[in-house]
Amino acid sequence: MEISAKYDPSLTEDKWYAWWLEHKFFHSEPDGREPYVIVIPPPNVTGVLHMGHMMNNTLQDVLVRRARMLGKNALWVPGTDHASIATEAKVVGRLASQGIRKRDLTREEFLKHAWDWTHEHGGIILKQLRRLGASCDWDRTAFTMDEIRSESVLRVFCDLYDKGYIYRGLRMVNWDPKAQTVLSTEEVIYREEQSKLYYLRYYVADAETNPVKPAGMEGEVLHRDEQGRYYAVVATTRPETIMGDTAMCINPKDPKNQWLRGHRVIVPLVGRVIPVIEDRYVDIEFGTGCLKVTPAHDVNDYNLGKTHNLETVDIFNPDGTISDQSPLYVGMDRMDVRKQITKDLTAAGLMEKVEDYVNKVGYSERNADTAVEPRLCKQWFLNMKHFAEIALRPVLEGEIKFHPEKYVGSYRQWLENIQDWCISRQLWWGHRIPAYYLPTAEEEEERFVVAMTVEEALEKAHKLAGYENLKAEDLRHDEDALDTWFSSWLWPISLFDGIRHPGNEEIKYYYPTSDLVTAPDIIFFWVARMIMAGEEYMHDVPYHNVYFTGIVRDKLGRKMSKQLGNSPDPIGLIEKYGADGVRLGILLCTSAGNDILFDETQVEQGRNFSNKIWNAFRLVKGWTVADVPQSDVNRVAVDWFREKLDQVAAQMHKDYEHFRINDAVMGAYRCFWDDFCAWYLELVKPSFIDNEQQPLDRMTYNATLGFFDELLRMLHPVMPFITEELWHALEDRAENETIMFRPMPLGGAFDVQLVADFEVACNVVVNVRALRQARGIGPKVPLKLQVKGAFPASMVPVVQKVAFVSEIESVEAFAGSGEVFMVGTTEFSVPLDGMIDVTAEVAKIEAEIQRYEGFLRGVNAKLSNEKFVANAPAQVVETERKKLADATTKIENLRARLASMKK
């Protein structure tokens with residue numbers, strides 16, 4: 001097989017990926033082998049590849065490819081998520097650009113547009129993953145809204161409703177005014193903001209009775225205006241909600257507000273008279289200790305309202321504008337109202353003061369610029385108590401292992417404090433809730449049945465008293481869709497049709513899956529819920545290991561985003577550096593649970609490594625081979641590298657098994673670049689005589705090709721394209737032979753002494769090379785080496801060849817002028833008699849000593865100053881002491897060298 005002079009990824013990547021697909025190497029069917037299964041965290045169906053996807057999917061591909069090479073029946077199942085909120089927002093946006101409003105369409109008309117959008121943009125990201133080299137079984141590509149997954153979702157909803165876990169109720173929920181849908185607690189992201197705290201005047205409605213201060217309050221000054229009217233002061237960050245106030249609350253243990261007991265106050269601007277209630281919930285230290293109660297727009301206020309039987313006034317429309325339930329600002333946006341009402345309160349003399357205030361504001365995870373609004377409305381909920389209990393045990397008992405383990409704590413805390421999951425969304429794109437409402441009188445409570453189809457719903461309705469003659473058209477299908485995560489939590493089961501057909505051959509073989517690679521920010525959204533679903537429907541965990549990635553940030557530590565313009569185009573990187581280069585560059589800086597500071601130089605390093613592999617292969621293949629005896633140096637090199645390869649392979653296997661993936665990758669990288677290229681190839685490289693390269697003995701050549709084969713197999717999971725290309729170039733292969741099914745080198749026991757001896761030899765060579773550079777001695781000038789102490793005789797040929805040393809002599813004492821260095825406890829000297837200008841070298845060393853002595857005097861002056869030592873930061877003082885120690889050591893070494901030069 002001919003190999004080009006320069007590696008060009010574009011000539012190998014498309015070729016080999018098409019070949020892999022043609023031979024269905026990624027496809028899996030149940031058989032007698034041990035299965036290894038990963039299910040892809042399904043990206044949004046209309047999404048495109050970003051750096052987070054690149055990292056996550058590279059890690060998955062490495063694990064899957066390694067499993068194949070371990071002889072397992074490896075399966076990586078791809079798929080996409082319908083992403084209700086994100087996709088519907090995209091479709092609504094496109095319709096708006098065409099002058100079409102969603103509200104002017106029927107549900108069926110809108111869904112046609114949504115499916116058109118999905119077919120037009122869907123699947124792009126999966127095609128992009130192929131460019132990365134992802135070895136997914138594309139024949140199994142799934143979609144969370146395809147027939148199997150959709151039916152599975154509806155079956156689970158009906159089942160959980162029948163079991164009593166799903167219920168419908170009036171609750172305070174998190175509302176996204178932009179998407180006009182409810183959000184779960186986990187979909188609200190809290191951000192710290194510089195806000196304002198507004199102090200408002202609530203006048204006492206019965207001020208003319210001149211309330212008398214209780215005993216013990218004689219020194220307290222009540223709030224009175226110029227006309228002598230009493231008022232209470234309420235501090236709030238949301239003055240726009242006062243139109244919904246239905247009470248003021250004080251703490252019964254708060255002495256400063258006892259004078260308000262039993263009174264009523266007037267909501268400023270609104271004029272509504274509301275009671276003063278008492279509850280220990282009120283924080284005495286916040287603001288003035290007086291709390292405005294708005295039951296419709298704050299979860300805590302809602303609970304107070306239920307306790308004290310308060311009226312609920314909903315002043316917001318679904319889009320965040322003021323509703324006609326408010327006497328003021330109807331139709332205005334809530335944020336605009338905040339600005340206007342501040343002016344109006346001030347103008348009316350009802351604003352006591354305004355202070356700067358730092359608080360946390362909840363924002364929609366999907367619409368990052370939209371503040372979430374607490375809203376009271378009827379929704380569908382899943383009672384989570386049972387599911388939290390069944391999901392906690394397998395993680396705490398180690399049946400599922402988290403990598404890194406630090407996430408177990410947050411997982412446990414979330415489950416032990418879990419809230420019911422609001423599973424309904426006010427969207428059309430998604431799985432429509434299988435609930436059907438029965439006709440009722442206006443004042444009657446709503447009645448419904450839950451069923452897979454309208455026919456089943458009608459059958460159930462006929463069994464209810466008074467509905468025996470109901471017709472299908474009398475039923476009203478629930479308009480809401482299910483939370484997207486309600487389909488995702490079934491992913492490891494529904495991919496193998498385990499909900500519709502429990503116990504089928506595939507679910508029995510492939511479930512539970514093996515490992516999950518995902519980001520920690522969806523540990524509650526997805527990881528925990530998949531465990532719940534697995535335990536509920538399979539009575540088993542969905543996977544055994546969870547590898548949590550970090551966040552890919554730029555080199556300044558900022559999260560990558562389109563707004564900052566700091567997120568590179570992954571496909572552009574692949575085209576510039578090759579998929580293998582990008583994969584390696586990402587993996588070298590990836591560790592479980594830690595963020596990545598991405599710099600393009602990392603993938604450049606990956607590209608350079610691809611070139612290194614390519615050039616090393618061309619070097620080896622360019623040698624002339626002959627049936628000549630193996631030299632001593634070649635025998636030592638082959639023996640050593642065999643042991644070194646076993647050592648590295650064993651450590652790699654251990655690192656992979658413990659999910660130290662970056663350590664495993666770095667081990668392979670260093671083994672190839674340092675051990676193989678920098679040492680082994682330099683040792684066995686044929687020498688030149690009269691500008692003619694001598695032949696290499698066949699034994700060493702064959703061993704070298706064998707080592708190259710093993711190295712390619714060790715690197716294949718990380719760099720699949722170049723390793724496939726060169727593996728085929730090593731020797732002729734059968735039509736359907738591929739490196740991906742060749743055994744992964746596992747290493748094992750190795751000759752520790754031989755590896756240690758070679759390390760000593762390497763250190764000697766490094767010191768001799770450094771001496772040559774420092775003294776200006778050419779690399780081909782023969783040197784002698786004197787050894788005082790132990791040195792392995794077997795390593796003499798190694799040092800002689802690569803350090804260009806003509807003689808190594810064991811001595812009791814060094815003779816003549818020479819450069820001395822130590823490796824371990826053994827001293828070495830390189831005699832330099834006649835090779836350097838001793839007078840000039842002595843002068844140079846003496847000048848260096850004088851320079852360091854001057855530096856030392858300055859440091860000593862600082863440290864002898866008691867004020868400096870007493871007042872300077874401890875770190876500064878410690879730095880100066882380190883300078884003192886380093887300079888002293890340097891002077892001692894220079895004096896020793898000077899003494900040896902003057903002998």
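**Exercise 1. Place Val 62 in its helix, decide whether Val 62 is buried or exposed, and list its contacts far along the chain.**

Solution. Start with the secondary structure: helix α2, residues 51-69, is where Val 62 is found. This is a predicted model, so keep its confidence in mind as you work. Next, take the accessibility. Val 62 has 0% relative accessibility, and the cut-off for buried is under 20%, so Val 62 counts as buried. Now look for partners, leaving out neighbours within four places in sequence: Val 62 is in contact with Arg 583, Leu 587, Tyr 656, Pro 717 and Val 718. Finally, try a distance: the C-alpha atoms of Val 62 and Ala 134 lie 9.0 Å apart, with the two positions 72 residues apart in sequence.

**Exercise 2. Find which residues touch the most other members of the largest nonpolar core, and follow one of them outward.**

Solution. The largest nonpolar core holds 123 residues, and those touching the most other members are Ile 613, Phe 672, Phe 676, Tyr 680 and Phe 708. Then ask which helix contributes most: α20, residues 661-684, supplies 14 residues to this core. Take Ile 613 as your example. Beyond four places in sequence, Ile 613 is in contact with Phe 672, Phe 708, Leu 712, Leu 715, Met 719, Ile 722 and Leu 726. A second core, separate from this one, has 62 residues, including Val 395 and Tyr 509.

**Exercise 3. Explain why the buried residues of helix α11 share a side, and name what they pack against.**

Solution. List them first: in α11, residues 454-462, the buried residues are Ala 457, Leu 458 and Ala 461. They lie on the same side of α11 because they cover an arc of only 100° around the axis. The general rule helps here: an α-helix has 3.6 residues a turn, so residues three or four places apart point the same way. As for partners, the buried residues of α11 pack against strands β18 (435-437) and β19 (448-450).

**Exercise 4. Describe the whole protein, and say where to be careful.**

Solution. Begin with the inventory: the protein has 27 helices and 33 strands. For overall dimensions, the C-alpha trace spans about 115 × 80 × 50 Å along its principal axes. The radius of gyration is 37 Å, whereas a compact globule of 903 residues would have one near 29 Å. Buried residues account for 52% of the 903. Last comes confidence: pLDDT averages 92, and 97% of the residues score at least 70. Residues 212-219 call for care, as pLDDT stays under 50 there. For that stretch the model has seven contacts beyond four places in sequence.

Methods. Residues are numbered from 1 along each chain as its sequence is written. This is a predicted model: local features need pLDDT of at least 70, side-chain atom pairs count only at pLDDT 80 or more; totals for chains, interfaces and linings use all residues. Side-chain values use heavy atoms; hydrogens and water are left out. A nonpolar core is a set of buried Ala, Val, Leu, Ile, Met, Phe, Trp, Tyr and Cys residues joined through side-chain atoms within 4.5 Å. Buried means under 20% relative accessible area, exposed over 50%, partly exposed in between (1.4 Å probe, protein chains only). Helices (H or I, at least four residues) and strands (E, at least two) are DSSP runs, numbered from the N terminus. Contact means heavy atoms within 4.5 Å. The arc is that of the directions from the helix axis to the C-beta atoms. pLDDT is the predictor's confidence in each residue, from 0 to 100. The radius of gyration is taken over C-alpha atoms; the globule rule is 2.2 Å times the number of residues to the power 0.38.
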